[in-house]
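The exercises that follow are meant to be worked through with the sequence and the model side by side. Try each task before reading its solution.

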Amino acid sequence: MEPIAMNDMLRKAVEVADEVLFPAAAEVDSSGRIPDGHFDRLAEDGFYGLVAPVDLGGPGVEFEDLLQIVETLAGGCLATTFTWLQHHGVVMGLAMTSNSALRDEYLGRAVRGELRGGAAFSGAIQTPPRIRATRSGDGWTLNGQIPFVSGWGLVDMLHVSAVDEDDNVISCLVDAATGDGITGVHPLTLAAAQATNTVRLELCDFRVPDSRVTTCAKRGEFLAGMALSLRIDSSLPLGLTERAATLAEAAGQGDTANSMRAEARALRAKFDAAMSDPASLPALRAASSELAVRASASCVVAAGSSALLSTHTAQRLARESLFTLVVASRPAVKSELLRLMNDQTHMLAHVLQGDT
Ligand SMILES: Cc1cc2nc3c(=O)[nH]c(=O)nc-3n(C[C@H](O)[C@H](O)[C@H](O)COP(=O)(O)OP(=O)(O)OC[C@H]3O[C@@H](n4cnc5c(N)ncnc54)[C@H](O)[C@@H]3O)c2cc1C
């Protein structure tokens, strides 16, 4: 493997992933519970403030190091990393808001990880939106459903987004607790990463004063602003791929491990070249998950029948690769994935028919 430029945060990420997250990942998977110590360690090491600007307390990591850090942690434990990753929407929302009183009240604590947050935008991006904001008095009234919110019971605050009658997305910081408008919390049973504590939330006449609003943006702009997250979210399947390569190597399948790593390197390079062209990002995001699916399935094959034991890492990685196929996906990513899979089906059909 090519040497990685190690900054301090990256070195700490490798330590946390190898010494804390990966050794506990099978237990986290089977129990559906992430030990509090995981999040405390990420906070102590400064990972909750990773995306904050330096003048607001961030560690000042380069974008490529940020991606490598997310990959490294995801290869340690996907459930912990996905739950922690949602926090950065809160930090970014607070760092960018013109609501200086809100920023002053919460940003420092969010950067230090004393206050932990989750994201709740899935009701605003679906068509039609599932959560609506209506102007009333000095604030907004929110009604509807947020179909997926991870970190329930693990986070203190949620960055909730809702759509108003003029198609603006109103985002606000709310307490992650039931009562006074959060009328339903429905835990979801997942095929992978159950420990993310993902729920569906129902909001009924939930009052949000203007003092809690971070941003208000046209829905089109809001969705366009999410392009960068396609690159960051791709670090989850790339992290699983690297873990699969390590496993394949340990099972004596060095060639398979080398090809997985070569494909991952090629994808990272294509991403680097594509960052100024957001339209090309969905295809690369799709390719990252497709690679993780193939890499983890190869690991199952390499490990043999024991891979099917419920505690085996190979089957866990395979289930987690499915998680990355749909989580934080976008319509364009879905079409690219289906196209990739159709191409493979056609190729296989040609092979079976004896075509070249
Ligand atoms: C286990 C799990 C945990 C999750 N945790 C969180 C979380 O913590 N916070 C959170 O906010 N979300 C979370 N999500 C939601 C995740 O971000 C969504 O799955 C993703 O946004 C795509 O939604 P979908 O697969 O339901 O969309 P699809 O089934 O692909 O689409 C449903 C509808 O929404 C439209 N749509 C979807 N995305 C867009 C878009 N970007 N632009 C325009 N139209 C769009 C589609 O066109 C379609 O009409 C989680 C999902 C899962 C499965």
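**Exercise 1.** Does Asp-45 count as buried or exposed, and what is its relative accessibility?

*Solution.* The model is a predicted one, and the answer therefore rests on computed areas, with buried meaning under 20% relative accessible area. Asp-45 has a relative accessibility of 13%, and it counts as buried. Its side chain nevertheless has a charged partner, since Asp-45 forms a salt bridge with Arg-41 in which the closest N and O atoms are 3.0 Å apart.

**Exercise 2.** Find the salt bridge between Asp-8 and Arg-11, and work out how the two residues are placed along their helix.

*Solution.* Begin with the distance: the N to O separation in the salt bridge between Asp-8 and Arg-11 is 2.6 Å, which lies within the 4 Å cut-off. Next, locate both residues in helix H1 (residues 8-31), where they are three residues apart and thus separated by about one helical turn. Then turn to exposure: Asp-8 is partly exposed, with a relative accessible area of 46%, and Arg-11 is also partly exposed, at 39%. Finally, follow the connections outward, and a network of salt bridges appears that links Asp-8, Arg-11, Glu-15, Arg-41 and Asp-45.

**Exercise 3.** Describe the spacing and exposure of the pair Arg-339 and Asp-343.

*Solution.* Both residues belong to helix H13 (residues 331-352), in which they are four residues apart, about one turn of the helix. Their side chains form a salt bridge, with 3.2 Å between the closest N and O atoms. Arg-339 is partly exposed at a relative accessible area of 42%, and Asp-343 is likewise partly exposed at 38%. By the rule used here, the model holds 19 salt bridges.

**Exercise 4.** Which residues have the most contacts inside the largest nonpolar core, and which element gives that core its largest share?

*Solution.* The largest nonpolar core has 48 residues, and those with the most contacts inside it are Leu-42, Phe-47, Leu-50, Ile-69, Leu-73 and Trp-84. Among the elements that give it two or more residues are H1, helix H2 (36-44), helix H3 (63-76) and helix H4 (78-85), and the largest share, eight residues, comes from H1. Taking Phe-47 as a worked case, and leaving aside its neighbours within four places in sequence, its contacts include Met-9, Val-16, Leu-42, Ile-69 and Trp-84.

**Exercise 5.** Why is H4 described as largely enclosed by the rest of the structure?

*Solution.* Count the buried residues of H4: eight of the eight are buried, so the helix is largely enclosed by the rest of the structure. Then ask what surrounds them, and the answer is that these buried residues pack against H1, H2, H3, helix H5 (87-96), H9 and H12. One of the buried residues of H4 is Phe-82, which is also in contact with Val-327, a residue of the loop between H12 and H13.

**Exercise 6.** How many residues surround the ligand, and how much of its accessible area does the protein cover?

*Solution.* The ligand is surrounded by 23 residues, of which the closest are Ala-119, Phe-121, Ile-125, Gln-126 and Ser-150. Backbone atoms take part: a backbone N or O atom of Phe-121 lies 2.9 Å from an oxygen atom of the ligand, and a polar backbone atom of Ser-150 is 2.8 Å from a ligand oxygen. Of the 940 Å² of accessible area that the ligand has on its own, the protein covers 81%.

Notes: Residues numbered from 1 in each chain as written. Predicted model: local features only at pLDDT ≥ 70, side-chain atom pairs only at ≥ 80, totals over all residues. Heavy atoms only, no water. Buried < 20%, exposed > 50% of the residue type's maximum accessible area, 1.4 Å probe, protein only. Core = buried A, V, L, I, M, F, W, Y, C linked by side-chain atoms within 4.5 Å. Contact = heavy atoms within 4.5 Å. Near = heavy atom within 4 Å. Polar contact = N/O pair within 3.5 Å; in protein donor to acceptor, adjacent residues only side chain to side chain. Areas by Shrake-Rupley, 256 points an atom, 1.4 Å probe, with all protein chains shown as cover.
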